[in-house]
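Thanks for coming. I have one structure to go through today, so please look at the screen.

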Amino acid sequence: WLDRAEEMDAGNYEGRFISTWIGFNALYGRLDPNRRSWGDREAWGTFLAQVWRIDQDERIRHVLFKRELMIFKLIEDKYLSAAYWEQGESAARDVKADLRKAMAKFRTPNLLPVLQMLFERIYVMRIQVFHGASTKDSSLNRRALQRTGNILWDMLSAMLSVMIEHGIEE
């Protein structure tokens with residue numbers, strides 16, 4: 001799926017995002033002992049914690065620092081906040097608080113909370129794309145779709161490397 005995303009035209013943000021998300025889903029997807037799928041958030045939350053723990057070369061940290069400004073822009077985008085879609089404009093205060101938390105956490109050794117917050121935002125974009133709330137080639141979310149796709153691409157590449165080099169036992 002990473003190869004498929006790479007083959008997409010530069011302006012095909014939807015196609016690249018979808019292919020990259022499918023690749024990410026292939027990494028985080030889990031079954032319980034009864035062979036039922038875990039819920040998305042639970043599965044990718046557990047996966048992020050595991051891949052962060054085994055990332056001995058700090059590849060994920062490197063991507064976070066490389067994309068720091070873009071990450072902050074995504075976190076402060078109210079349209080990528082689940083709270084905004086649940087509570088409306090009253091959630092704007094929560095979005096600003098999330099941004100302050102992310103900025104503060106960025107200066108600590110443990111960036112896992114920032115990684116999780118980032119993937120909450122990417123997941124909202126996934127919901128918009130996969131469930132039809134995002135219109136193809138719409139000007140309303142082009143920048144957010146491009147940003148989430150680019151970060152997801154970088155993260156998937158780093159996570160695949162971590163899993164290949166350090167996660168076989170996982």
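I will go from the overall fold to one enclosed helix, then to a helix pair, and end with some single residues.

First, the ground rules. This is a predicted model, in which local features need pLDDT of at least 70 and side-chain atom pairs count only at pLDDT 80 or more, while totals for chains, interfaces and linings use all residues. Residues are numbered from 1 along each chain as its sequence is written, and side-chain values use heavy atoms, with hydrogens and water left out.

Now the fold. The protein has nine helices and zero strands. Helices here are DSSP runs of H or I with at least four residues, strands are runs of E with at least two, and both are numbered from the N terminus. Reading from the N terminus, the order is therefore α-α-α-α-α-α-α-α-α.

On dimensions, the C-alpha trace spans about 45 × 35 × 35 Å along its principal axes. The radius of gyration is 16 Å, which agrees with the value near 15 Å that a compact globule of 170 residues would have. That radius is taken over C-alpha atoms, and the globule rule is 2.2 Å times the number of residues to the power 0.38.

For the surface, the protein exposes about 9400 Å², and carbon and sulfur atoms supply 50% of that. Accessible areas come from the Shrake-Rupley method with a 1.4 Å probe, and for residues only the protein chains shown count as cover. Of the 170 residues, 45% count as buried. Buried means under 20% relative accessible area, exposed means over 50%, and partly exposed is in between, with a 1.4 Å probe and protein chains only.

Contact, from here on, means heavy atoms within 4.5 Å. Among contacts with a separation of 6 or more, 69% are between residues 24 or more positions apart.

Next, the enclosed helix. Why is α5 described as largely enclosed by the rest of the structure? Helix α5 covers residues 68–75, and six of its eight residues are buried, so the rest of the structure largely encloses it. The buried ones are Glu68, Met70, Ile71, Phe72, Leu74 and Ile75. Their cover includes α4 (59–66), α7 (92–105), α8 (112–130) and α9 (142–166).

One residue on the α9 side is Arg147, which sits in that helix. Setting aside neighbours within four places in sequence, Arg147 is in contact with Met70, Lys73 and Leu74. Its C-alpha is 19 Å from that of Asp3, and the two are 144 residues apart in sequence.

Helix α9 also pairs with α2, residues 13–28. How do these two helices cross? Their axes come within 9 Å and cross at roughly 35 degrees. Axes are lines fitted to C-alpha atoms, for helices over the stretch in contact, and angles run from 0 to 180 degrees between N-to-C directions. The crossing is left-handed, that is, the near helix is turned anticlockwise from the far one by less than a right angle, with clockwise being right-handed.

On the α2 side the contact includes Phe17, Trp21 and Phe24, and on the α9 side it includes Leu152, Trp153 and Leu156. By class, this contact has twelve nonpolar, six polar and three charged residues. Nonpolar covers Ala, Val, Leu, Ile, Met, Phe, Trp, Tyr, Cys and Pro; charged covers Asp, Glu, Lys and Arg; the others, Gly among them, are polar.

Now the loops. Which backbone value stands out at Arg35? Arg35 has a positive phi of about 65 degrees although it is not a glycine. It lies in the loop between α2 and α3 (40–54) and is exposed, at 65% relative accessible area. Glu58 is also not a glycine and has a positive phi of about 55 degrees. The loop between α3 and α4 holds Glu58, which is partly exposed at 43%.

Is Ser81, in the loop between α5 and α6, buried or exposed? Ser81 counts as buried, with 3% relative accessibility. Beyond residues up to four places away in sequence, Ser81 touches Val95, Arg121 and Val124.

Last, Gly167 lies in the segment after α9 and is buried at 5% relative accessibility. Outside its neighbours within four places in sequence, Gly167 contacts Ile54 and Val162.

That is everything I have.
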